[in-house]
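Hi everyone, thanks for coming. Today I'd like to walk you through one protein chain, so please have the sequence and the picture open in front of you.

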Amino acid sequence: NIKAYLCAHILTDMDEQTQESQQPKTPSKGRSKARIFIRVLIIAVVVILGLPFSLYIPFVQNFVCHQVVTWLNMTSDDLEYQIGKVRLGFPLKLQVNDVAVLKRADGRPLVSIGRIRTGLDDIPWDQPFFVVNNLEVLDVEVGMDSLTESFGMSGTVEKLEITHIEVDPMNTDLRISRVHLHEPYIDLNLGPSAPDEEEDEDNSWYVTVKQVDVHEGHVRYDNSPVSLGAAISYDSIPRYLDYNHLDLTGINLAARDILYKPGLIRATLNDVVATEQYSGLEVRQLATVFEMEDNEIRVSDLDLQLANGALVKGDVQTDLAILDSLHDGYLNAKLQCKLDSANLFRLASPYLPLLKPYWEAKMLTLDVQGRVTSDSLDLRRLALRVDDDVDLTAEAFGLDPFDDEKREVAATLKTELTHADYLLSAFVDVPSRRAYRLPDPLALDLEASQRQKLLSA
């Protein structure tokens with residue numbers, strides 16, 4: 001009986017364990033939530049890591065480009081933007097093709113660019129400013145001939161290269177190491193001056209460029225309402241420098257230390273070479289420091305070398321008012337010039353028509369130091385020499401030089417003329433047609449003054 005009881009008890013326990021093992025186990029709620037969280041986290045990490053790589057897919061690039069262009073056009077009333085294609089290569093090589101900015105009113109293009117290439121892989125993302133080491137822009141066309149009433153510009157640039165750009169938007173600061181322009185063609189037109197507008201210095205950018213190089217440039221300038229691109233006949237233009245119509249070709253230059261900030265523009269020009277087509281004036285070398293601050297212009301350390309050994313050196317300070325009238329501005333100059341007759345008439349022929357027969361094949365040297373304003377005249381030195389024929393020195397001082405009613409001026413003049421009678425022929429008549437002759441040589445010392453309407457000499 002005892003054996004039978006133990007066997008039955010053992011069999012009952014085994015049967016209960018078998019039934020428990022066959023029943024399904026119910027997982028705990030904590031384990032289930034943990035597994036779901038891990039799966040979601042894995043998916044999120046994959047999506048986040050994969051999203052940047054999706055930008056390498058052309059379809060995604062085109063979609064993003066379309067959204068950007070749409071947003072730009074929605075936020076602009078006057079301009080319309082177009083971008084043909086954007087491609088991002090690994091790791092971050094960006095190329096943008098067929099960019100255009102058009103006037104919405106008539107659909108005319110203001111700016112069009114064939115291709116922009118740059119690399120974003122070398123940007124130091126840990127810096128507080130934005131940096132691009134290389135930017136290349138190809139096939140640029142500009143057509144802003146009616147951008148404002150007083151300024152128009154059109155032209156093309158075959159290739160523009162910019163090296164190392166630093167942009168600090170927080171401090172409105174832009175720094176560029178080098179700009180290279182290859183074969184730019186620029187057409188400028190200045191109409192009536194627009195009223196001056198005050199700059200908001202808080203929103204103005206400070207721009208510095210270490211070096212600018214221009215290779216085989218071409219610039220046309222018209223200070224008149226003539227439409228840009230209008231054909232101009234060289235035969236209809238006198239062969240002297242017309243400061244309202246300039247056509248400069250073969251421009252090669254190097255500029256450095258360029259600075260722009262509110263109220264100030266400064267640049268150092270070196271190795272400037274160009275030819276003015278209308279007059280034939282040939283610039284062999286130009287170097288200077290140019291500075292424009294507020295309304296003042298300063299040209300320092302000027303070194304201009306022309307063909308045939310002609311040169312101009314010195315310093316000039318003036319203001320913008322002198323462009324309209326000398327009466328309203330001032331001019332401070334210290335210049336030394338050496339000009340052959342050909343270059344002299346290219347620069348000043350409208351003012352020397354009678355002297356042209358006399359000046360042929362001559363070399364002129366000029367040394368001038370002085371300052372003139374609407375209120376005063378201070379000509380400290382004027383020395384003029386033409387070969388061995390003319391030797392002239394002068395000084396002049398006075399008040400109100402442009403006012404006929406108030407003028408008070410005193411001047412001294414010393415002149416030696418080797419061929420005085422021949423020079424007189426340029427003003428009156430040849431010796432054979434007049435009854436008098438001047439002695440050769442002729443020396444003249446003169447002291448003259450004017451006090452209001454009273455003249456004395």
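**A proline in a loop**

Let's begin with Pro-401, which has a relative accessibility of 14% and therefore counts as buried, since the cut-off for buried is under 20%. Before I go on, please keep in mind that this is a predicted model.

Where along the chain should you look for Pro-401? Find the loop between β16, residues 390-399, and β17, residues 408-417. Now, which residues touch Pro-401, once we leave aside its neighbours within four places in sequence? They are Val-372, Thr-373, Ser-374, Asp-375, Ser-376, Leu-377 and Arg-407. You can also look across to Gln-450: that residue is 49 residues away from Pro-401 along the chain, and the two C-alpha atoms are separated by 10.0 Å.

Stay in that loop for a moment. Asp-400 also sits between β16 and β17. Its phi angle is near 50 degrees, a positive value in a residue other than glycine. Is Asp-400 buried or exposed? With 22% relative accessibility, Asp-400 counts as partly exposed.

Gln-452 is another residue with a positive phi that is not glycine, and here the angle is near 60 degrees. You'll find Gln-452 in the loop between β18 and β19, the latter being residues 454-456. Gln-452 is partly exposed, at 42% relative accessible area.

One more backbone detail: the peptide bond going from Asp-440 to Pro-441 is cis, and its omega is near -5 degrees. Pro-441 belongs to the loop between α6, residues 420-424, and β18, residues 442-451.

**Stepping back to the whole chain**

Let's zoom out. How many helices and strands does the chain have? The count is six helices and 19 strands. The chain has 457 residues, and 30% of them are buried. If we take contacts with a separation of 6 or more, 51% of them link residues 24 or more positions apart. The accessible surface is about 29400 Å², and carbon and sulfur atoms account for 58% of that.

**Charges that pair up**

Here is a general idea to hold on to: side chains of opposite charge can pair when their charged atoms come close. How many salt bridges are there in this structure? There are 22.

My favourite spot is a network of salt bridges that links Arg-266, Glu-291, Glu-293, Glu-296 and Arg-298. Let's look inside the network. Arg-298 and Glu-296 meet through their side chains, with 3.2 Å from N to O. Arg-298 is buried, at 19% relative accessible area, while Glu-296 is partly exposed, at 33%.

Glu-291, another member of the network, lies in strand β10, residues 282-293. Glu-291 is buried too, with a relative accessible area of 17%. Apart from neighbours within four places in sequence, Glu-291 contacts Leu-264, Ile-265, Arg-266, Glu-296, Ile-297 and Arg-298. Notice that Arg-266, Glu-296 and Arg-298 are names we just met in the network.

Now move along to Arg-385, a partly exposed residue at 35% relative accessibility. Which residues does Arg-385 pair with? One partner is Asp-388, at 3.2 Å from N to O. Asp-391 also forms a salt bridge with Arg-385, and there the closest N and O atoms are 3.0 Å apart. Asp-388 counts as exposed, at 58% relative accessibility, whereas Asp-391 counts as partly exposed, at 32%.

**Two patches on the surface**

Let's finish on the outside. Five residues gather in a patch of negative charge on the surface: Asp-139, Glu-141, Glu-158, Glu-183 and Glu-216. To find the patch, you can start from Glu-141, in strand β4, residues 130-144. Glu-141 is partly exposed, with a relative accessible area of 47%.

The other patch is nonpolar. Phe-63, Val-64 and Val-68 form it on the surface, and together they have about 250 Å² of accessible area. Where does Phe-63 lie? It is in helix α3, residues 58-75. Phe-63 counts as partly exposed, at 47% relative accessibility.

That's my tour. Thanks for listening, and do try finding these spots on your own screen.

Methods. Residues numbered from 1 in each chain as written. Predicted model: local features only at pLDDT ≥ 70, side-chain atom pairs only at ≥ 80, totals over all residues. Heavy atoms only, no water. Patch = residues over 30% accessible without salt bridge, like charges linked within 9 Å, V, L, I, M, F, W, Y side chains within 5 Å. Areas by Shrake-Rupley, 256 points an atom, 1.4 Å probe, with all protein chains shown as cover. Salt bridge = Lys/Arg side-chain N within 4 Å of Asp/Glu carboxyl O. Lys, Arg positive; Asp, Glu negative; His and termini not counted. Charge placed at Lys NZ, Arg CZ, Asp CG, Glu CD. Helix = DSSP H or I, 4+ residues; strand = E, 2+ residues; numbered from the N terminus. Buried < 20%, exposed > 50% of the residue type's maximum accessible area, 1.4 Å probe, protein only. Contact = heavy atoms within 4.5 Å.
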